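Visitor: Could you walk me through the sulfur chemistry in this one? I'd like the geometry and the surroundings.

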Amino acid sequence: QPLGLRSFRFDADAGFFLNGRHLKLRGVSRHQDALGAGWALSREQHDQDMALIKEVGANTVRQAHYQHADRWSDLADRAGMVVWAELPYVTTPSLTGGKGSDHLWANAEQQLREQIRQNYNHPSILMWSVGNEVDSAKGFGIKGDPPRPLALLQHLNAIAKQEDPDRPTTMADCCEGLGMMQTAGEQLAGTTDLIGYNRYFGWYYPKPLDAAVQFGAALDKLHKDHPSLPLSVSEYGAGGAITQHSDDPRGGFVNFIGRPHPEEYESWLHEQSWPVLASRDFVFASWVWAMFDFSSDLRDEGAAVDLNDKGLVTADRKEKKDAFWYYKIAWNDAPAIHLTGKRYVDRSYPVMAVKAYSNAPRARLSLNGRDMGEAACTNFVCEWQGVALAPGPNKAVVTSLGGKRGLSDSAVWNGPDPVAHGVRIDVGANAVRDMNGTRYGSDAFVTGGTPAVLNLTGFGGRSLGPIRKVEAATPALFDYWREGERFSYAIPLPDGRWTVTLRLFEPRPGAADAPVTVTANGARVVDGLYVQQAAGGALKELVRSFPVTVSGGVLNLDFAAAGGKVALGAIEVAR
């Protein structure tokens, strides 16, 4: 067998050291799965996966959630990867109400012994994982007494030490400190030598726009709670469908277990997450979930069924998402630049934010040959706000500045004609939608309020509450909405006379009817409107239209409710 020798150690404060040198482990999780092949990948498909993982700049791979093919471990050896190898002891349905059956224990022990004996000589494997999210019972609908996985984890940890006393053990935790999904109060951290935390701030947890702050605070607390335990982040990420797009990923409701999953949101979340991880030496490793989209039953999300779309690359390996390019630029020293949003060709609004990734300090943007100025590239992200598009094709070129050599990337975006076709906002929605042949952009240009969803579904498309239906000309416009005591929009429009149409409703039967006031460019256009009374009850559309005159290129709309909330489903502006 080929021989490889490595020295390594883990430090709870300083991180990971390989052959005596500190090394920040930055990597991806990989399922042995490909579109049309399932688990039975060919040699060429294994080779392709490793080539893409090397291209993105990863130096570590988490094998999720089972033993992978020998070919894969051979490739990891040759690539110099640091590998987390994992036993398929995942979640806790088999442990409901206790510690698990004797058959379960015997099977888990047998699989772990076989995995270690069969892979012992692979120098890439530096840690054995004995479990993944075994504290997640509540999240999977387990009823009755919560399970007690600690005893089996302790047993498996002892088996791993017996089989291989030199490699450390680890496990992936889903829920410590979150109060969402837990066991019978057992303390699992510290069972193994190392620990990985699966944490989805900005995705599965509330307040997505505070993702970076929440992520950093949670990691700091976990390190403080377990100061002698080397800590990693074994999963983080977001869904990204390459056919779904957002004008502002921070605008609409993040439907983490449903539709849509705009590609722009996935990219934005990784832009928030990586600086948090990179700045904390005590996080010895992190693994993006996941490198590739993969088969996953019970899902009805993004643009697919039975597919987990959190990959940096599509399941067929044909498309590298923008998030892939973010990491390729952040994790490699070679000069590079990438213009994002190329797949969102037909734009919804006459103004857009342009974003590029570069490891140069600055970049310059031109649009249709006109210089749009320079932008600083902070944490590899360069942005230009409020870029006006001409109707029809617009060619954008971005060039890196201040690096060893200037590099360029380009895209073509089709700008809309607002005078001919108007501007429409699907308020509260996170992605662009075409309804009845009419384009509605995602929620943008907004300050204040909170986006909301009418019917939140769980895995398998099951509703997490009573199904609500809205009586409306286009009910889909009320799948999402924005609500609040006060919020406002600053919508870019050409100067002139326009007609504004608002689609309001009351989403909660039994809620108090509060008077709503709307002002347009400072003039009151709706005064003391009781929406439920005028609509004839809750969950019924109320349409209000009024003329406005725009000067200065912006229509300002302000919404307020006295003693209640405004609920707005759509804004339509037309000549």
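Guide: Let's fix the term: a disulfide is a pair of cysteine sulfur atoms within 2.5 Å. Keep in mind that this is a predicted model, where local features need pLDDT of at least 70, side-chain atom pairs count only at pLDDT 80 or more, and totals for chains, interfaces and linings use all residues. Residues are numbered from 1 along each chain as its sequence is written, and side-chain values use heavy atoms, with hydrogens and water left out.

Visitor: Which handedness does the link of Cys377 and Cys382 have?

Guide: Cys377 and Cys382 are joined by a disulfide, with S to S at 2.2 Å. The angle about their S-S bond is 100 degrees, and that link is right-handed.

Visitor: And how far apart are the sulfur atoms of Cys174 and Cys175?

Guide: The link of Cys174 and Cys175 is left-handed, with -80 degrees about the S-S bond. Cys174 and Cys175 form a disulfide, and the gap between their sulfur atoms is 1.8 Å.

Visitor: Is Cys382 buried or exposed?

Guide: Buried means under 20% relative accessible area, exposed over 50%, and partly exposed in between (1.4 Å probe, protein chains only). Its partner Cys377 has 12% relative accessibility and counts as buried. Cys382 comes in at 0%, so the label is buried.

Visitor: What relative accessible area does Cys174 have?

Guide: Cys175 counts as buried, at 4% relative accessibility. Cys174 is buried too, and its relative accessible area is 4%.

Visitor: What pattern do the disulfides of the protein chain follow?

Guide: There are two disulfides in the structure. Counting bonded cysteines along the chain, the pattern is 1-2, 3-4.
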